[in-house]
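Please look over the structure below with attention to its aromatic side chains and its charged pairs. The report that follows takes these topics in turn.

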Amino acid sequence: MDKRTILAVVLSLAVLFVYQMFFAKPPEAPKPAAAPATQTVQDQQAAKNQPAVQTQTQPVAAQKISVAKETGAKNIVAPKDIKVETAQYTAIFSTKGGALKSFQLKNYQKDCADCADDIYPRIKNLVTGSKEQRPPKKAGLVELVDVKDGMPYPLAVTFPESSIDIAPDSIYEANTASLNLTDTKEKQNLVFTQTYDDKIKVEKTFTFNPQNFTINLEVKVHNLTDIPLSQMARLSWQQFADPNQEEDSYGHDGPVVSVAKTVERQSLKELNKEKIYGPNILWAGYESKYFIASFIPSNPALTSMIMNRDANNMISVGIKGQKELIPGGQSGSFSYTLYLGPKENDLLKAQNVGLEDAIDFGSWLKWLAIPLLWVVKFIHSYIPNYGVAIIILTLIIKIIFWPLGNISYKSMKGMQEIQPKIAALKEKYYNDKNKLTQETMALYRTHKVNPFSGCLPMIIQIPIFFGLYKALLYSIELRHSPFIWWIQDLSAKDPYYITPIIMGATQFIQQKMTPTMGDPMQAKIMLFMPLIFIFFFLNFPSGLVVYWLFNNIFSIGQQFYINKKLAK
């Protein structure tokens, strides 16, 4: 095989190998139930029902006080829900723990395998001229909270390793019954308060910004005694992990943390014991492929992150700061910024803590993925169809590399023309490899051809291909974005595999038009490459297949132009 053919095969196999190694994650088996954590929910409930014990032989500040759940009439007070409505989301808080019971994003629908647009009624309408319309199926709004009975709600604050700990399901009092921020730009507060055994008063103040997905949380601890108390707050996000649900092969669903600007992700399958990260926690939370519930501490250098999974498949992600000594009659405070919403690069970057790294573009490919995404979004601002925007981006890339393509095609044509002379040299110097190499290189210089220039366009397009792959796969802007007819989600695979097959056909046409060199049998072997690419692209995001399909079409046009020009 000649050098160009060998290089083309090696590059193709390299693309397949890189994809399999770094992009195509194997499907996960159903997640088994994890081993019991240090303390289960039932253990916590039992501990809360035990009477508190105090010892007067030491100062109270040095004692570890275990506060029992309030008894009497307060014990039967039913928790109340407080609804917070903005243009971006609907949040339901509960006085149980002063925590979050539900958080629905208004502008994002859940993924639904049965909600894909069906091509057959469209074809029927096209053939028959019918205008019959079927209402689109919807799966409901995206919900960030997933807890089961008996689990504490997310955003509960406890005080482990403190003078006084607080049960995560204690009943708080709220300053309002509801908040409606849909028609205002002013920030508003929701305040939960609770007093424990006349020794400590806790105030949790949530401040909502109706213009974005950011919520500020301040926790004030008032010492109602005359002696110092040591307190260290822990803010937690609880999430149920279904042991029978397979993990997304192309995304991550579970705890995530940024430690000193390094993003660490924990697989739910491997989370079978408590893990601690930090200090220097920039942000932490629980993520899915396109959404995240995150905490941003006010003092990263003194913040640690704890994650664990209990026997009931409850995932707990918590952050804790430094322990503070609160003098008698005074108060201490702990503050956090919360971001609960979509993984949109601009929104995450606005937090100024590197939260945009939660989008899995990759540490190196993000320098290509983000500019390519920016260009696609810029085109989309004028043409409201991301599929068309991808086609225009493909054309722009082809125009930029048009001169290089011309050089490549001309070099391949020149290589084809000198093949008889190369064959003659091989026959003449078959016993002298050094002389054969010298004469062959001289022949290349005489005819001004480069045996490797034909592979340059493919080499250059490999990083662009993977950069665009990351951009299309992980950008929420393309999630559920329709293109045409049966393609209603450019971030998902073509449900009918139509575009990969057409892409393979265009690859075959392009291969037939490409000048052949060497043994005709080698050219026939190369014609099988389109079949490999069809298989390769079957499960790729349809937006990426559209890119490669139209890149082939534009390359066919360029090849036709060059062949016609050279013929003259």
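Are Phe533 and Phe536 buried or exposed? Both Phe533 and Phe536 are buried, where buried means under 20% relative accessible area, exposed over 50%, and partly exposed in between (1.4 Å probe, protein chains only). This is a predicted model, in which local features need pLDDT of at least 70 and side-chain atom pairs count only at pLDDT 80 or more, while totals for chains, interfaces and linings use all residues. Residues are numbered from 1 along each chain as its sequence is written, and side-chain values use heavy atoms, with hydrogens and water left out.

**Helix α13 and the aromatic cluster**

Helix α13 spans residues 529–537, and its buried residues are Met529, Pro530, Phe533, Ile534, Phe536 and Phe537; helices (H or I, at least four residues) and strands (E, at least two) are DSSP runs, numbered from the N terminus. These buried residues lie on the same side of α13 because they cover an arc of only 165° around the axis, the arc being that of the directions from the helix axis to the C-beta atoms. Leu531 and Phe535, on the other side of α13, are exposed.

The count of aromatic pairs comes to 28, with rings of Phe, Tyr and Trp (its six-membered ring) taken to pair if their centres lie within 6.5 Å, and with planes under 30 degrees apart counted as stacked, over 60 as edge-to-face and the rest as tilted. One of them is the tilted pair of Phe465 and Phe540, at 6.0 Å centre to centre and with 35° between the planes. Phe465 belongs to helix α10 (residues 456–474) and Phe540 to the loop between α13 and α14 (542–567), so this pair ties together parts that are 75 residues apart in sequence. Phe465 is buried at a relative accessible area of 4%, and Phe540 is buried at 1%. The pair of Phe533 and Phe536 is edge-to-face, because the ring centres are 6.2 Å apart and the planes stand at 85°; these two residues are three apart within α13, about one turn of the helix. One aromatic cluster is formed by Phe465, Phe466, Tyr469, Phe533, Phe536, Phe537, Phe540, Tyr547 and Trp548.

**Salt bridges**

Side chains of opposite charge can pair when their charged atoms come close. The structure holds 13 salt bridges, each defined as a side-chain nitrogen of Lys or Arg within 4 Å of a carboxyl oxygen of Asp or Glu. The table gives some of them.

| Lys | Glu | N to O distance |
|---|---|---|
| Lys83 | Glu85 | 3.4 Å |
| Lys343 | Glu287 | 2.5 Å |
| Lys435 | Glu439 | 3.3 Å |

Lys343 lies in the loop between β21 (331–342) and α4 (345–349), and Glu287 in strand β16 (residues 281–287), so their salt bridge ties together parts that are 56 residues apart in sequence. Lys343 is buried, with a relative accessible area of 4%, and Glu287 is also buried, at 1%. Glu439 and Lys435, by contrast, both lie in helix α9 (residues 433–447), four residues apart, about one turn of the helix; Glu439 is partly exposed at 26%, as is Lys435 at 28%. Glu85 counts as buried at 16% relative accessibility, whereas Lys83 is partly exposed at 42%, and Lys83, Glu85 and Lys106 are linked in a network of salt bridges.
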